[in-house]
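Q: I should like to learn how to read a structural model feature by feature. Could we begin with the fold and then turn to individual residues?

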Amino acid sequence: MEVAALVFSVLALAVSVLMTRRQLTLARHNNSLPVLIDLFREHRSDRLADARRFVHSGLDKCDLSQGFAGLPEEEREMVRDLAWYYDNLGALVLHEVVDVEIVAGYLGGSVVAVWEKISPLIEAERLKRADDPDPRRWQEYFENLRFLVQEVPPSKARGSRALWRLG
């Protein structure tokens, strides 16, 4: 009888731990939902869409060794905003405010493609900041986000979900 009571107690404790863990996960997702909605809305904005279009079709005509100074003024601001967007997103992912799988599944291809195009520009900006205490830190969250997304590519992030039916 005592063994049965002990087994039942251990089982109840295990169920309680699992339920608590699930509740914490749900609470974290509830807190990040408004953030994700705003982030995805901003990514779809005309301004960032124009910035991505310029990065993919016009950036190669600019002198990236000059950093942002090598870009036309209007495009400079758009590309800067796009880089900061991904840098901020990388900070939110690193600090687990938003889940990397959600970001990778929805924006992963864009993160990697934009990083590949503007990384020479970012390196030039880091060189300009050589007198800063940590010049490599500039756009570091964006760079890290690119690595995280490559580890969890969009197809894997989406395909790992129980409700995903494509491919």
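The dialogue below takes up the overall fold, backbone angles and surface charge in turn.

Q: What does the secondary structure of the protein chain come to?
A: This is a predicted model. Its protein chain has 6 helices and 0 strands, and the elements run α-α-α-α-α-α from the N terminus on.

Q: What radius of gyration does the protein chain have, and what would a compact globule of 167 residues have?
A: The protein chain has 21 Å, whereas a compact globule of 167 residues would have a radius near 15 Å. The C-alpha trace spans about 80 × 40 × 25 Å along its principal axes. Of the 167 residues, 34% count as buried.

Q: How should one read the sign of phi in residues other than glycine?
A: Most residues other than glycine have a negative phi. Glu-96, which is not a glycine, has a positive phi of about 60°, and Gln-139, also not a glycine, has a positive phi of about 65°. Glu-96 lies in the loop between helix 3 (73–94) and helix 4, and Gln-139 in the loop between helix 4 and helix 5.

Q: Is Gln-139 buried or exposed?
A: Buried means under 20% relative accessible area; Gln-139, at 2%, therefore counts as buried. Exposed means over 50%, so Glu-96, at 56%, is exposed.

Q: Which residues gather in a patch of negative charge on the surface?
A: Asp-131, Asp-132, Asp-134 and Glu-140 form this patch. One of them, Asp-132, is found in the loop between helix 4 (100–128) and helix 5 (140–151). Asp-132 is partly exposed, with a relative accessible area of 38%.

Note on methods:
Residues numbered from 1 in each chain as written. Predicted model: local features only at pLDDT ≥ 70, side-chain atom pairs only at ≥ 80, totals over all residues. Heavy atoms only, no water. Patch = residues over 30% accessible without salt bridge, like charges linked within 9 Å, V, L, I, M, F, W, Y side chains within 5 Å. Areas by Shrake-Rupley, 256 points an atom, 1.4 Å probe, with all protein chains shown as cover. Salt bridge = Lys/Arg side-chain N within 4 Å of Asp/Glu carboxyl O. Lys, Arg positive; Asp, Glu negative; His and termini not counted. Charge placed at Lys NZ, Arg CZ, Asp CG, Glu CD. Helix = DSSP H or I, 4+ residues; strand = E, 2+ residues; numbered from the N terminus. Buried < 20%, exposed > 50% of the residue type's maximum accessible area, 1.4 Å probe, protein only. Rg over C-alpha atoms; globule rule 2.2 N^0.38 Å.
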